[in-house]
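Trainee: Got a minute? I'd like to walk through this model with you.
Mentor: Sure, pull it up.

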Amino acid sequence: MRKKRKQRRSFQNLWRAMAVLLVLLLVGLGVYFGLQQRRSHTAINEAGEAVTSNITYVMIMGVDARDDDVGRSDTLMVAALDTAQKKAALLSIPRDTRVPIEGHGDDKINHAYAFGGHSLTQQTVEHLLGVPMDHYIIVNTKAFPKLIDAIGGVDINVEKRMHYEDPWDDNGGLVIDLYPGEQHMDGAKAIQYVRYRDGEGDIGRIGRQQKFMKAVLEKLVSPSILPKLPEIVKTCSSVLKTDMSVTELLDFAQQMKSIRDNGLEAKMVPGRPAYLKDISYWIPDITDLRELMRTELGLALTDQEKEKNQADEDAYNASLPSGMNVGDKTDGSQESKDDKKETKEEDKPMKPNEIRVMVINDSGINGAGAEVAGILQRKGFIISGVETGRTSSRQGTIIVTSKANTDVFYGMPFPCVIMDGGGSNQAVVHIGLDYKHTGRK
C-alpha cells in the first residue's frame, strides 16, 4: 500500500514538473497563452449582442536577472483566453514601449520590473491595455539554451543570412552566424536565432521569437518528447516563478494539442518607432491596441469604452516630449519583407528610402547616435531606432547590411567598415570610438 502511494506521488510529481516545463518553454521563448481559470463578465460580441465571457489574462516576463542585478523584462507578453468561445488572443509588448510608470515618470516598459518587480510591471501593463491581469509568470532567460537541448533541439527555417559579432556583449562575446534554410537547432544555435537584431530592432526579434515558438510547440506535442522527460524535468525545475497553482498549470498542459491544432496567431502592440537623442522608443497606438485585444476574441468595444480609449490616447500623445523623432505606424503583424521572400545574393541594391536602419551607439560619445541617425536620414535612409549599446568601448564603427546593399552605404562622412549580413531591406550601424575623430556633419 505504501509502495502504491509512493508511486502515485511520483507520478503526480512528474506531471506537475511536466506542466511547469510546458508553460516554461512556451513563455520563456517569447510566446503567450491563456489558462482556464474562469472569470465571468459581460462583453459585446461583433453582432452587438451582450454575451458572458470567461476570459483569463496572463502576463509573462522573460527576465535577464543576474547575481548583482534584478534585471529587466526584456521579453514581455500577455495572453487572453476566452474559454467559452474557445478563442485565444496573443500579444507581444516591445520592451522599448514608452509608458507612464508610477513613481518613475515616462520610461520604457521593461524598466518597470527593475523599479518594482512583477507587481509594478503588472500595474503598468494593465494601465496600457485597459484590462486586469489575472496571473503572472516569470522566466529567467538564461535557461533558454539548456531547455532547448533538453527537448532535443528544434527544426526551424531560417529566413535570411544572419551575421553579427559583438566581443563586448554576453560576458565574453556574442557571435551570431546563421545561413538561410531549414535546419536543426540546438540550444546554442537557438539563442542566436532569437537574439539576432537587424534594422527592425526589437520588433523584428519579436517576430523571430514567435516563429520559433511554433516550432517548439510542434516538438512538445510530438511522441519523441516522452523519452526525454527525466532530463527535461531536471533541467527546468527551478527557473519558473508564478502565482498560478499546479492545477491551473495542468489545465494548460491538457490544452496544448488544441492550441497547436487551432494555430498560434501572434500579434504585437501596434504603434510607431521613435527616438529621442540616443534613446529608442516604441509609441503604442492605444485605441488600436485595445480594439485588437477584443477583436481577436470576437468581441467589440462599447461606445463608452471607445470614448475612454480615445481620451487615453489623446492624453498619451500630448505627453510626448518635443524633439522626439517619430516614424511610420506599424500594425500588429510580425511578417516582414524578409519573411515574405528569402534574400537572394543576386538581388539588385535597394534605394536608401527602402532600407530600415537601426543605430546603436557603442562608443560612449554623448549624442553620437542621434548625429549618425541624422546623417543617414539626410541621405534618405529610414531610421527604425537609436539605442545605447551595452559597451562604450567599441573601437571601430561598422555597418552590417545585405551583400547586395553594401555599396549603398559607401561614402559616409565618418570612418566605418561595411559588413555583409542581415536582411535585404535592413541594416545596423554600430558606432565606435573612431567616430569622435571625425567632423560633425
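Mentor: One term to begin with: a polar contact is a pair of N or O atoms within 3.5 Å. Also, this is a predicted model.
Trainee: OK. What does the side chain of Arg-208 reach?
Mentor: The backbone oxygen of Tyr-196, at 2.7 Å. That falls within the 3.5 Å cut-off.
Trainee: Where is Arg-208 found?
Mentor: In helix H5, residues 202-220.
Trainee: Is Arg-208 buried or exposed?
Mentor: Buried. Its relative accessible area is 3%, and buried means under 20%.
Trainee: Which residues is Arg-208 in contact with, leaving aside neighbours within four places in sequence?
Mentor: Glu-159, Lys-160 and Met-162, for a start. Then Tyr-193, Tyr-196, Arg-197 and Asp-198.
Trainee: Let's turn to helix H4. Which of its residues are buried?
Mentor: H4 covers residues 187-195. Its buried residues are Gly-187, Ala-190, Gln-192, Tyr-193 and Val-194. Tyr-193 is also among the contacts of Arg-208.
Trainee: And what does Asp-186 reach at the start of H4?
Mentor: A side-chain oxygen of Asp-186 comes to within 3.3 Å of the backbone nitrogen of Ala-188.
Trainee: New topic: the open sheet of three strands. What's the order?
Mentor: S15-S14-S17, with antiparallel pairing.
Trainee: Why is one side of S15 and of S17 left without a neighbour in the sheet?
Mentor: Because S15 (279-284) and S17 (325-326) stand at the edges, each with a single partner strand.
Trainee: How many bridges join S14 to S17?
Mentor: Two, and the strands run antiparallel. S14 spans residues 271-276. Ala-274 stands opposite Val-326 in S17.

How values were computed
Residues numbered from 1 in each chain as written. Predicted model: local features only at pLDDT ≥ 70, side-chain atom pairs only at ≥ 80, totals over all residues. Heavy atoms only, no water. Pairing = 2+ DSSP bridges. Helix = DSSP H or I, 4+ residues; strand = E, 2+ residues; numbered from the N terminus. Buried < 20%, exposed > 50% of the residue type's maximum accessible area, 1.4 Å probe, protein only. Polar contact = N/O pair within 3.5 Å; in protein donor to acceptor, adjacent residues only side chain to side chain. Contact = heavy atoms within 4.5 Å.
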